[in-house]
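Trainee: Could we go through this model together, with the rings and the ligand in turn?
Mentor: Gladly, let us put it on the screen.

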Amino acid sequence: MITVLAGGVGGSKFIRGLANQVPPSSIVAVVNIGDDEEFYGLHVSPDLDTVTYVLAGLDNDVTGWGVKDETYNALSMVKSLGDNGWFTLGDKDLGTHLYRTKRLKEGAPLSKVTREISNAHGLEVDILPFTDSTVRTMIFGKVRSDIKHAPDVDAKKLFSFQEYFVKYHHQVEISSIYYEGADLATLNPEVTNAMLACKKILLAPSNPLLSIGPMLAVPKLKDLLTRRRRDTIAVSPIVDGAAVKGPLQDILRDLYGDTSVVSVAKFYQPYVGTFIVDSKDSSFVKAIEALDMNCVVCDTLMTDKEAETKLAGVVVGL
Ligand code: FO1
């Protein structure tokens, strides 16, 4: 059994590659829920849905989120009623949020609802939210002055994840990131078992602070990972000082003043025994090994399904 901690598009593609290398039923995907937010009374779980849609072949590979061949009739109606509608929810995607919200209101935990959804799509990978408790990634910072519609560019404030990411296009100079609820969050027994019983724990090439960070902020998960450091392998989400996708480069600059892969290695140092870096970053191997981490160099860019499978093959072979 392999346990993989993941979030977002990078995480989803990596799990898809992994499912081509090992039996999908041997993979437990522990997925970020720090991005979850309520829109129009519906519980939206972007990372759980991205992993599910990608594995089910339903993903929208243009946007990186939502469902392919989507329509937006419901959102158009909402906008016509005067709502700003800054968070784009497609009609098919809304079906997932309607179902999830109904089941949560009936008292089902998020992990159970997630299994119901992935079973309905015929998936064999076990997709689990890292907790059934509420953990929310909050961003403290100031809207960058070059963004036009910012009402109060000078004020530092607290943003929910989706306000930061979507409403302000992640154009926020970050002072700190806070994972609300993480200190009191409990782990599902399935997550604990998967992390103890698996041969290897993998950290997908997801954003360390936005996708993996919410999990590391849960004391029990942090302890488990620290205990299994020797068996934990992380894949770098940075190539040649730049993020493959999303705002990671800006975040590393704002928080650590260094956007190199070493910055990510330092963040993962307490939890990760082996770090996989891109061939373009081979000059950083010595600096990473000095952190008491094994370092493996290979091509990490998941440009197509073949590249995803090849990268997963390197990881599985370690
Ligand atoms: N990302 C955007 O940049 N703009 C959107 O309007 C948007 C809508 C959306 C709807 C459902 C969903 O599951 C994801 C959505 N995302 C959108 C992505 C979301 O912000 C994710 O949390 C990030 O991609 C980080 O993984």
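Trainee: Does Phe161 count as buried or exposed, and at what relative accessibility?
Mentor: A word on the source first: this is a predicted model, where local features need pLDDT of at least 70, side-chain atom pairs count only at pLDDT 80 or more, and totals for chains, interfaces and linings use all residues. Residues are numbered from 1 along each chain as its sequence is written, and side-chain values use heavy atoms, with hydrogens and water left out. Buried means under 20% relative accessible area, exposed over 50% and partly exposed in between, with a 1.4 Å probe and protein chains only. Phe161 therefore counts as buried, at 5%.

Trainee: How many aromatic pairs are there?
Mentor: Rings of Phe, Tyr and Trp (its six-membered ring) pair if their centres lie within 6.5 Å; planes under 30 degrees apart are stacked, over 60 edge-to-face and the rest tilted. By this rule, the count is 9 aromatic pairs.

Trainee: What kind of aromatic pair do Phe161 and Tyr164 form?
Mentor: Their centres are 6.0 Å apart. With 65 degrees between the planes, the pair of Phe161 and Tyr164 is edge-to-face.

Trainee: In which helix are Phe161 and Tyr164 about one helical turn apart?
Mentor: Helices here are DSSP runs (H or I, at least four residues), and strands are too (E, at least two), numbered from the N terminus. Tyr164 counts as buried, at 1% relative accessibility. Phe161 and Tyr164 are 3 residues apart, which means about one helical turn, in helix H6 (residues 161–167).

Trainee: Which atom of the ligand is 3.1 Å from the side chain of Trp65?
Mentor: Trp65 is among the closest of the 14 residues that surround the ligand, where near means a heavy atom within 4 Å. On the Trp65 side, the partner is an N or O atom of the side chain. On the ligand side, the atom is a nitrogen.

Trainee: How much of the ligand does the protein bury?
Mentor: Accessible areas come from the Shrake-Rupley method with a 1.4 Å probe; for residues, only the protein chains shown count as cover. Taken alone, the ligand exposes 530 Å², and the buried part of that is 87%.

Trainee: Which element gives the largest share of the shell around the ligand?
Mentor: Helix H2 (46–56) and H6 are the elements that give two or more residues. The largest share is 4 residues, and the element that gives them is H6.

Terms used. A polar contact is a pair of N or O atoms within 3.5 Å; within protein, one must be able to donate a hydrogen and the other to accept it, and residues adjacent in sequence count only if both atoms are side-chain atoms.
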